[in-house]
Amino acid sequence: MEKIMKSTGTAGLETQVNGMAATVSAAAEATDGIGGGNFIESDIDEELFRFNSDDTPLMNLMLRAKRVKVNSPEVEHYMIDEARSQLTVAADVDDEQKMQVVLPLEAQDQSLPRPYSTLLVKGVDGFSAEGRRTPGKELMLFVVSVDPTTNNPVVRAVNGKRDQGDSEFTTVPMIPAGTKVVVLANSLYETQKEVDPDLIVPQPTKVYLQKRGMNQVVSDYFESQRKRIPFSKAIIAEQAIANFKVRGNRTLWAGRAGKFKMNVPRMGFQYVYCTEGLRWQFKRELMHKGKWTVEKIIALAKMFFTGEDVPKTALLLAGKNLLEQIQCIDFSKHPEIQISTKINPLGWSVTNFHTVFGDIEIKREPTLDRLGWSNSGALIGENRLVHYVYSSEHSFSDRVEGEEATRNGILIWDALALKGSCHIWIDGDSDQPTEGSFSFQLWGENSAPDSPELGDIYYLTEDCPGISAGAKAGQVWKYNGGDDAWEIYTGELSANV
């Protein structure tokens, strides 16, 4: 191809190309050293260039949570729960001739029932005024005092066995070990106004607030240049902030608590704090792998909404594989189940799963995929989150000392913590539960699990005669090994039991 001949203008510059149309190709060929493919500035995908705000849902959830201003980067955090409602009898009560007996309770239960309390004994029938056993009408006890030797309550039966129909006093019937006792209200005599107060001493956990920062330095020369991709200070800042949020969101999930000293030049030793991620704060873990069913989702809703700590809402932040499993559930046998898409109060488009226990809003959390938890998810009570703030987020802009450049940045010092015990971590990626958590599994087969480990707890979504003839859907069973391998579990699904 012949070189395009250029003519000089009145100033003697080769700026004229006679007989050529003003096209991109012709203009590129007319400019020495610039190929045709390099004349055009490349376009960019704005949607990819800008991070989607939905990429950091946990951080957005934190910003909507209850905000607590604190005066220290170390906080005593209290997960105050509702008072326990059930106690466990530790040994048989078999002296049926006494009107008052010491009720032997497990060690952690002994100090809970106070004098003048009433207790309902589950599974033990009471008696009628004529002295006949009344099946289904359970025995109630009245706490007379506390045994000074064992700290167990001394009780008498309200509806126990009477020797005579008009007798005020009744004997306490047989109460087997392992029986559950429900704490009811106290019952006072005519002129009584003083009772033992309830001393609530919650156990705090230490929460560290992590100081996070973002800096960007833009030189004056860079800012003055015309760039092939049209950068500006605003775009650079936007992308830096987006990256700052994404990394912070990972920390909110998976960070581990820590505190250590660093020797800072000209400033001496200073502390660095690392906050504990939400993943490690869950007290209840559902170990689940494989296919999800409608029955399993309803069981999950039941466990979430019917414990001692009842939240207002349920938000499931799920990894992509868990979300896929839930979306592929066969609902053909359950036409009453309502699945819909809606915009929730946070402004997110969520899949709403309606059950009789409450609604579960389901949303994908991309950060779980990046952390290797694609098969897992977090069922969170939105109103059970606390955002501790030591220093509110603020920005700054300084000239860099000794340089022709400007430093812009953001600083924030905060932490996110769970409050209450309703939250459930659904673990589909690991084989072992987190140490200190209460773990359980869902089971929907007729036969018993093949190789359960000692202490494993199963929530039954179907009747399971392989475990026991009395193992019904909705019950929780525990594997103890030995001759009586399985026993029904009636404790709270909580790490406190």
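**View 1. R279 between a ring and a carboxylate.** In this predicted model, R279 lies over the face of W373, with 6.0 Å to the ring centre. R279 also forms a salt bridge with D427, where the closest N and O atoms are 3.4 Å apart. The two partners come from distant parts of the chain, 148 residues apart: R279 belongs to the loop between β14 (268-274) and β15 (284-287), and D427 belongs to strand β23 (residues 424-427). R279 and D427 are both buried.

**View 2. The aromatic cluster that includes W373.** W373 is joined with W253, W280, F282 and W425 in one aromatic cluster. A charge is placed at W280 as well: the charged end of R256 sits over the W280 ring, 4.8 Å from the centre of that ring.

**View 3. The aromatic pair Y271 and Y273.** The whole structure contains 16 aromatic pairs according to the search. One of them is formed by Y271 and Y273, whose ring centres are 6.1 Å apart and whose planes meet at 40 degrees, a tilted arrangement. Y271 has a relative accessibility of 43% and therefore counts as partly exposed. Y273 has a relative accessibility of 12%, so Y273 counts as buried.

**View 4. The salt bridge between E76 and K206.** A search of the whole structure gives twelve salt bridges. One of these salt bridges pairs E76 with K206, with 3.2 Å between the closest N and O atoms. Distant parts of the chain are linked here, since E76 lies in strand β4 (residues 74-78) and K206 in strand β11 (residues 204-208), 130 residues apart. E76 is partly exposed, at a relative accessible area of 40%. K206 is likewise partly exposed, and its relative accessible area is 42%.

**View 5. The salt bridge between D414 and R212.** The side chains of D414 and R212 meet in a salt bridge, at 3.2 Å from N to O. This pair, too, links distant parts of the chain: D414 is in strand β22 (residues 405-418), R212 is in strand β12 (residues 210-219), and 202 residues separate them. Both D414 and R212 are buried.

**View 6. R279 and D427 again, with a salt-bridge network.** This view returns to the salt bridge of R279 and D427, at 3.4 Å between the closest N and O atoms. Elsewhere, E74, E76, K206 and K259 are joined into one network by salt bridges that share partners. The pair of E76 and K206, shown in View 4, has its closest N and O atoms 3.2 Å apart.

Terms used
Residues are numbered from 1 along each chain as its sequence is written. This is a predicted model: local features need pLDDT of at least 70, side-chain atom pairs count only at pLDDT 80 or more; totals for chains, interfaces and linings use all residues. Side-chain values use heavy atoms; hydrogens and water are left out. Rings of Phe, Tyr and Trp (its six-membered ring) pair if their centres lie within 6.5 Å; planes under 30 degrees apart count as stacked, over 60 as edge-to-face and the rest as tilted. Buried means under 20% relative accessible area, exposed over 50%, partly exposed in between (1.4 Å probe, protein chains only). A charge sits over a ring if NZ of Lys or CZ of Arg is within 6 Å of the ring centre and within 35 degrees of the ring normal. Helices (H or I, at least four residues) and strands (E, at least two) are DSSP runs, numbered from the N terminus.
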